[in-house]
Amino acid sequence: MALDIGSWDLAYEFNNTDHRTELNGTDRLIVRRGRPFTINLSLRSGSYEPGVNQLQITAETGPQPVEQYGTKAVFGLSDAIDDTRWSAAVTSPPGDMVSLSICSAPDAPIGQYKLTLDGYAQFELILLFNPWCPRDTVYMDSEEKLEEYVLAQDGIIYRGDAKYPIPSAWDFGQFEEGILDACLRILDENPKYKRNPGKDCSGRRNPIYVCRVLSAMVNSNDRDNGVLEGCWRDTFDGGISPMAWRGSVEILRTWNITSCLPVRYGQCWVFAAVACTVSRALGIPCRVVTNYLSAHDTNANLVIERYVDENGQLQNISKDMIWNYHCWVESWMARTDLKAGFDGWQASDPTPQERSEGVYCCGPVPVRAIKEGELTFKYDAPFVFAEVNADIETFLKYKDGSTRKITGTSQVGQKISTKSVGSDEREDITHLYKYPEGSDEEREAFKKANHQNKLLKQPVSSGLHVNIKVSVEMRKGCDFDVFAVVNNTTSVEKKCRLVFASRAMSYDGSIGKECGFKDLLKVELPPGGERKVPLRLNYSKYCDAITQDNLIRLGALLIDNSTRDAVLAMRTIVLENPEIKIRILGEPKVNRKLAAELIVQNSLPDPLEACCFSIEGANLTAGKTITERIPNSVEPGQEAKVKIYFTPTRSGLRKLLVDFNSDRLGHVKGFRNVIIGK
């Protein structure tokens, strides 16, 4: 006998809190797969009696729901919930109020669902991945890690240089208003959905499929209504500098309200951060990682060839690049499509670099497959392996056109970094990607990967050595010295030429204008001798050369005049911006207005114009950026100072992100942790 249902209560607050989705709001039903949720039915007539009353429930997702593809499920009442499939059970005693517990399958496709009870009572819900459910392929068995990789709305992304990693706070904001809808829309704008919506919606049961779709859709290189357009030029006409973004919320909202026009502009850390936001919003544990000295191997030969001229300047002959750093994401999941042992963190990269299966996307590939040299594993293992393992070969190109291989010390894949769980410390995860250099395990991985260059490499030494040393403080606006230290470890005197050059550099490895240069034609080194050669870098010279990345590439080329053997040392330095001092005025409590006092001292010998401060923070600024402009110029040595007011909406530990922008300093970043009381 059918139930005579009069009305129903979806218990939004109870269910969303139980499913850890209440931060998305409690005005609709948002649940995670493989975990029961409760709805309360009020009967118009009669009462529920076990064994007598029946109820047929239909759950459907997508425009073409079919049971065969898992996008439709039809089920009735059971004595108890079965958490391996869609099921329902009454949990209340007989009467005219019925508490109905419904559980989705732990491998059900995620997305928007319509549930129908007995053909007429209908309601909607959003179903997400469930990393708390052992039967879900994204299951993670650590509450502390789940707090960090799913629920944390802010984090740290590392930029700068391997010798000087710079932590930058980021507002992921996955629970801010409208963000979950934007994330679901990304899935619906994906070309695979447009071609075959039924198959695409069925594929959404699989986090591997979803991650690959996100990797393609966070960039817009395929003209597929993707979220971000990349730009690696010095100017960002028609858009916003990637340096200006502090979080993902404004990017995703802008994309959503402009009918999916790509937002201008992104670079690698922005692409990765937005992908991380979307993954966490959908329930996939995710983190942003940074690989310092990251290889972009365009021809898949695991070798990056670099050419320098006799003035020590890099030549743009090869398309292969060494990025000063490169960011991608790792997502946590089981790899049931591969042999055992490759579950866990999977690397994927939404920054458009090379095509994979005809589309600008990369991954997901097991991080362990990279470590073991398993380059046949899906997806794009050779490209990621090269990013952390490619060999660098440097050639000296003489004026007559001839070339000669020279000795260098650069290595790719250094200090692979991510934010630590539960703290703002940097966690070095290089060991997850690579075995220790020179170990038997590393050699085995190279054999599997057929990395002949590394396997056949023998240490070569001409007896000449060059290293670059730098000053303790290298602040933007100051003049300072860097040093080339040259050694002769042979038993004979060496007469050499030393070229010591410096040029502005972008983080993707492209070289700009000269910042300082020295060419010593007669450097005499006695047996066992050492010489320290300074190069002065003057602000007046480098101020108009450097890009927003604040990077200068140093190169010291030492050429033996008698043998023409050459050794090269390269180093990148990061010019330090002034610190933003952040003071919170008032007692931090929910719904109580606070002020942030922000101060920056102008460290340049020039006045700063067009100065403004901006703040942003998850649950601090209502998902918006609050900006305060400074009407006057800020003279050298003077302070720029403002108060900006904001009202926290939730308690807990939050990050207030601050940006100071001006014509000469560019974007200066800072953040402050704030504990908001109830």
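**Helix α8, the cores and the salt bridges**

Me: Which residue follows α8, and what is the sign of its phi?

Reply: Gly283 comes after α8, and its phi is positive, near 100°. This is a predicted model, in which local features need pLDDT of at least 70 and side-chain atom pairs count only at pLDDT 80 or more, while totals for chains, interfaces and linings use all residues. Residues are numbered from 1 along each chain as its sequence is written, and side-chain values use heavy atoms, with hydrogens and water left out.

Me: What makes α8 a helix, and how does its span compare with the expected one?

Reply: Helices are DSSP runs of H or I of at least four residues, strands are runs of E of at least two, and both are numbered from the N terminus; α8 covers residues 268-282, which is 15 residues. The expected span is 1.5 Å times one less than the number of residues, and for α8 this gives 21 Å, in agreement with the 21 Å between its end C-alpha atoms.

Me: Why is α8 called largely enclosed?

Reply: A residue is buried under 20% relative accessible area, exposed over 50% and partly exposed in between, with a 1.4 Å probe and protein chains only. Since 15 of the 15 residues of α8 are buried, the helix is largely enclosed by the rest of the structure.

Me: What makes a set of residues a nonpolar core, and which element gives the largest share of the largest one?

Reply: A nonpolar core is a set of buried Ala, Val, Leu, Ile, Met, Phe, Trp, Tyr and Cys residues joined through side-chain atoms within 4.5 Å. The largest such core has 62 residues, and Leu228, Trp269 and Leu282 have the most contacts inside it; its largest share, 12 residues, comes from α8. Apart from it lies another core of 57 residues, among them Phe480 and Leu594. Taking contact as heavy atoms within 4.5 Å, and leaving aside residues up to four places away in sequence, Leu228 touches residues including Ile251, Val270, Phe271 and Val274.

Me: Why is the pair Glu229 and Arg264 called a salt bridge?

Reply: The term requires a side-chain nitrogen of Lys or Arg within 4 Å of a carboxyl oxygen of Asp or Glu, and here the closest N and O atoms are 3.1 Å apart, so the pair qualifies. Glu229 lies in strand β12 and Arg264 in strand β13, so the pair ties together parts that are 35 residues apart in sequence. Glu229, at 25% relative accessibility, counts as partly exposed, as does Arg264 with 38%.

Me: How are Glu372 and Arg368 placed in helix α9, and is Glu372 buried or exposed?

Reply: Glu372 and Arg368 are 4 residues apart in α9 (residues 367-372) and therefore separated by about one helical turn. Their side chains meet in a salt bridge at 3.6 Å, N to O. Glu372 has a relative accessible area of 13% and is buried, whereas Arg368, at 39%, is partly exposed.

Me: How many salt bridges does the structure hold, and which residues are linked in a network?

Reply: The structure holds 39 salt bridges, and Arg185, Glu189 and Lys194 are linked in a network of them.

Me: How do you know whether the radius of gyration agrees with that of a compact globule?

Reply: The radius is taken over C-alpha atoms, and the globule rule is 2.2 Å times the number of residues to the power 0.38. For 678 residues a compact globule would have a radius near 26 Å, and the protein has 29 Å, which agrees.
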